[in-house]
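I open this notebook to record what I looked up in one structure. The entries follow the order of my reading.

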Amino acid sequence: MAGTTANQLIREFQEHFETGIVPAVYRAPGRVNLIGEHTDYNDGLVLPTALEMACYAAVAPAQHGLLRVFAKDLNQSREWPVATLGELRQSHDWSDYIIGVVQQLLIDGYETRSCDLYITSEVPVGSGLSSSAALEVASALAFLDGRPLDRLELARLCQRAEVQFVGMPCGIMDQYTSIFGQQGSAIEIDCRNLQYELVALPQDVRILAVNTMVKHELSSSAYRERVAECGAAVEAIGVVNQSVTSLRDVSPAYFGQIQDSLPVIPRKRARHIVTENERVLDFATAARSGDLAEMGRLFIASHRSLQYDFEVSCEELDFLVDTAIKMDGVYGSRMTGGGFGGCTVNLVAPGAVQTFHDGIVKAYQKRYQIEPVFYECNPSPGAGRL
Ligand code: ADP
Ligand code: MG
């Protein structure tokens, strides 16, 4: 556990809600995606790992007839009569993730009883490490509080909360990884059949995320736009080949045959998705054989594809990548998450971690007058009760 302990949370819960009751504490981690970016909502392949950094939800039943929530990190409280939860509309703030989960649970026949909920998270917000999925999964486990729900159904339910209530048309990678993450391994998820395979990473490499500390305004509108553009590419290909129902159906060889028939934007977006799915397979193979040079090469190829074909990078991300890959002991670097800010993920030799840190801080500060924040990404277990 990265810094937060159950006992500490129980004490804070009791002080905040002025009660002696001992809450149950649930943990749901953030994630870093190693490779396979923007492929999840295209039925494609992704290769993330769950982080030590997690969201924690302490919950206890109450008699006041309300759902009361305290978001510690924002120092904000919200409360609603339990009977009104099914009717609530978006408030365009953090509580949407929680109410979205409550409403999906209701739809699936799990009513929310009166309770107090205390939320805190170590996952940096809006940095591409999925603080939102960590919040959804921790909240869902807290509301279920021991009632059984299949783990895949839980992932789907949390995804629906984000798509339908928050209004972000995300794929399932974030919620799935927060639930199915494994200590010591990345997971290769097939977002079409929702199965995963463990991918053990070589011992002699560190995974470091570096936060640009920026999130550009267009990130959520551009995300929606990319989802639509991928849909347009499928439609255009579907005109000549009806068996293509998603970009997952398009092999690199087939893409080579038909790419000239596509308008330029759908062609570039599709080329990213088609080649990125291949890079996930190649990366898993390279990881299994400990081929760090090849893993690094695939990281950089993925970044260039996101930069030039999918066009979701930004100057700060490109600067971090371009700076990192010139440094000794850095195998590869790429943006991770939706893009337009947030983090890069880097494969660094253990002996080079300090010079990597110092060199990046110096260069980034000189260029942007901002100190980037570093996170060690040790593959960690998925969500559960503490
Ligand atoms: P990411 O998932 O990449 O971190 P998102 O924009 O998808 O970024 O989700 C971030 C949002 O999730 C925040 O703006 C906030 O509404 C909610 N959130 C995340 N962590 C917390 C937290 N600790 N407390 C309250 N809300 C949070
Ligand atoms: Mg998110």
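**Entry 1. Terms for empty space.** I worked on a 1 Å grid over the protein atoms alone, where a cavity is a set of points at which a 1.4 Å probe fits but cannot get out, and a pocket is an open set with protein on both sides within 12 Å along at least five of seven lines. Lining residues have an atom within 4 Å of a point. Grid points are joined across faces, edges and corners, and a volume is the space filled by probe spheres set on the points.

**Entry 2. Source of the model.** I note that this is a predicted model, in which local features need pLDDT of at least 70 and side-chain atom pairs count only at pLDDT 80 or more, while totals for chains, interfaces and linings use all residues. Residues are numbered from 1 along each chain as its sequence is written, chains are lettered from A and ligands numbered from 1 in the order in which they are written, and side-chain values use heavy atoms, with hydrogens and water left out.

**Entry 3. The largest pocket.** I looked up the volume of the largest pocket and found about 1300 Å³. Its lining comprises 49 residues, and those nearest the centre are Tyr 97, Gly 126, Ser 131, Ser 132 and Lys 215. Two or more lining residues come from each of α2 (95-107), β5 (115-121), α3 (131-144), α4 (151-166), α5 (173-180), α6 (219-240) and β10 (341-348). Here helices (H or I, at least four residues) and strands (E, at least two) are DSSP runs, numbered from the N terminus. Which element gives the most to this lining? I found that α6 does, with 5 residues.

I then sorted the lining by residue class: 19 are nonpolar, 19 polar and 11 charged. In this count Ala, Val, Leu, Ile, Met, Phe, Trp, Tyr, Cys and Pro are nonpolar, Asp, Glu, Lys and Arg are charged, and the others, Gly among them, are polar.

**Entry 4. Helix α8.** I checked the span of α8, residues 264-288, against expectation, which is 1.5 Å times one less than the number of residues. For its 25 residues the expected span is 36 Å, and the end C-alpha atoms are 36 Å apart, so the two agree. Just after α8, Gly 290 has a positive phi of about 70 degrees.

**Entry 5. Cysteines.** I searched the whole structure for disulfides, defined as pairs of cysteine sulfur atoms within 2.5 Å, and found 0. Why is Cys 55 not bonded to Cys 158? The sulfur of Cys 158 is the closest cysteine sulfur to that of Cys 55, but at 11 Å it is too far for a bond. Cys 377 has its closest cysteine sulfur in Cys 343, at 7.7 Å, which is also too far for a bond.

For accessibility I used relative accessible area: buried is under 20%, exposed is over 50%, and partly exposed is in between (1.4 Å probe, protein chains only). Cys 55 is buried at 1%, and Cys 377 is buried at 2%.

**Entry 6. Aromatic pairs.** Rings of Phe, Tyr and Trp (its six-membered ring) pair if their centres lie within 6.5 Å; planes under 30 degrees apart are stacked, over 60 edge-to-face, and the rest tilted. How many such pairs does the whole structure hold? The search gave 11.

One of them joins Phe 180 and Tyr 196, a tilted pair at 5.6 Å centre to centre with 55 degrees between the planes. This pair links distant parts of the chain, as Phe 180 lies in helix α5 and Tyr 196 in strand β7 (residues 195-200), 16 residues apart. Phe 180 is buried at 9%, whereas Tyr 196 is partly exposed at 26%. Both belong to one aromatic cluster with Tyr 176.

I also recorded Tyr 364 and Tyr 368, a tilted pair at 5.0 Å with 45 degrees between the planes. Both lie in helix α11 (residues 353-368), 4 residues apart, about one turn of the helix. Buried or exposed? Tyr 364 and Tyr 368 are both buried.

**Entry 7. Positive phi outside glycine.** Most residues other than glycine have a negative phi. I noted His 92, with a positive phi near 60 degrees, in the loop between β4 (76-81) and α2. His 92 is exposed at 66%. Gln 369 has a positive phi near 55 degrees and is found in the loop between α11 and β11 (373-376). Gln 369 is exposed at 63%.
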